[in-house]
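Q: Please take a close look at a single part of this structure and set out how its side chains and pairings are arranged. A connected account in formal terms would be appreciated.

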Amino acid sequence: MGFDCTTCGQYHDELPLCFGSPAPALWLQMSEAEREQRGQISSDQCIVDNEHYFILGRVMLPVVDGPESFCWLAWVSLSRENFRRASELWHTAGRESEPPYFGWLQSSLPYSQSTLSLRTRVLTQPLGERPLIELELAEHPLAIEQRQGITMARVREIVEAVLHG
Ligand SMILES: [Zn+2]
């Protein structure tokens, strides 16, 4: 499953189909001291100033000529109420029957236009699966790719950008 990289000219052993951001954009802008004072973060949740509530989800891009979808792990901000609700249901079987939550995308993904603060719907998944993030219909390249799918050639382009960006 490797590929010849046009950026560095080497063969890479793997073509990863999932990339993530370690924290919401706001968190990444804060100093260590600020983080300690103002917030808390786990692998899937983050709170800043008891005012900004984030969870980690997945933006799936169908790959039209490939075996599986490509996935951006990305953070979205939720209202306090929806964040509390999601936390309450964290370990509850059947939680996927929850209606979608509104979320603002809070991860900066490598696209020609900023991906910050795009409007999304956050769909709760069965236990053990991170929520799915659906972009609202918009003429943003990421939203178009989610709607129309991408090719394996585009996957290689994204992977090269992330590996060498
Ligand atoms: Zn390379």
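A: The following account begins with strand 8 and proceeds to its surroundings. The model is a predicted one.

Strand 8 comprises residues 101–105, and its side chains alternate in direction. Tyr101, Gly103 and Leu105 are directed to one face and are buried, whereas Phe102 and Trp104 are directed to the other and are not buried. This agrees with a general rule: in a regular strand, side chains alternate between the two faces of the sheet.

Strand 8 has pairings with strand 7 and with strand 9. With strand 7 (residues 70–78) it runs antiparallel, joined by two bridges; here Leu105 is the bridge partner of Val76. With strand 9 (residues 119–123) the pairing is also antiparallel, over four bridges, and Gly103 has Thr120 as its bridge partner.

Strand 8 also contributes to the largest nonpolar core. This core holds 28 residues, and those touching the most other members are Phe54, Ile55, Ala74, Trp75, Val76 and Leu78. At least two residues of the core come from each of strand 6, strand 7, helix 3, strand 8, helix 4 and helix 5. Beyond its neighbours within four places in sequence, Trp75 is in contact with several residues, including Phe54, Leu56, Gln106 and Ser107.

Helix 5 completes the picture around strand 7. Val155, Ile158 and Val159 are buried in helix 5. Viewed down the helix axis, the buried residues fall within an arc of 100°, so they line one face of helix 5. These buried residues pack against strand 7, while Ala153 and His164, on the other side of helix 5, are exposed.

Conventions: Residues are numbered from 1 along each chain as its sequence is written. This is a predicted model: local features need pLDDT of at least 70, side-chain atom pairs count only at pLDDT 80 or more; totals for chains, interfaces and linings use all residues. A residue is buried if 20 or more other C-beta atoms lie within 10 Å of its own, exposed if 12 or fewer, and partly exposed in between; C-beta atoms are placed from the backbone. Two strands pair if DSSP finds at least two bridges between them. A nonpolar core is a set of buried Ala, Val, Leu, Ile, Met, Phe, Trp, Tyr and Cys residues joined through C-beta atoms within 7 Å. Two residues are in contact if their C-beta atoms, placed from the backbone, lie within 7 Å. The arc is that of the directions from the helix axis to the C-beta atoms.
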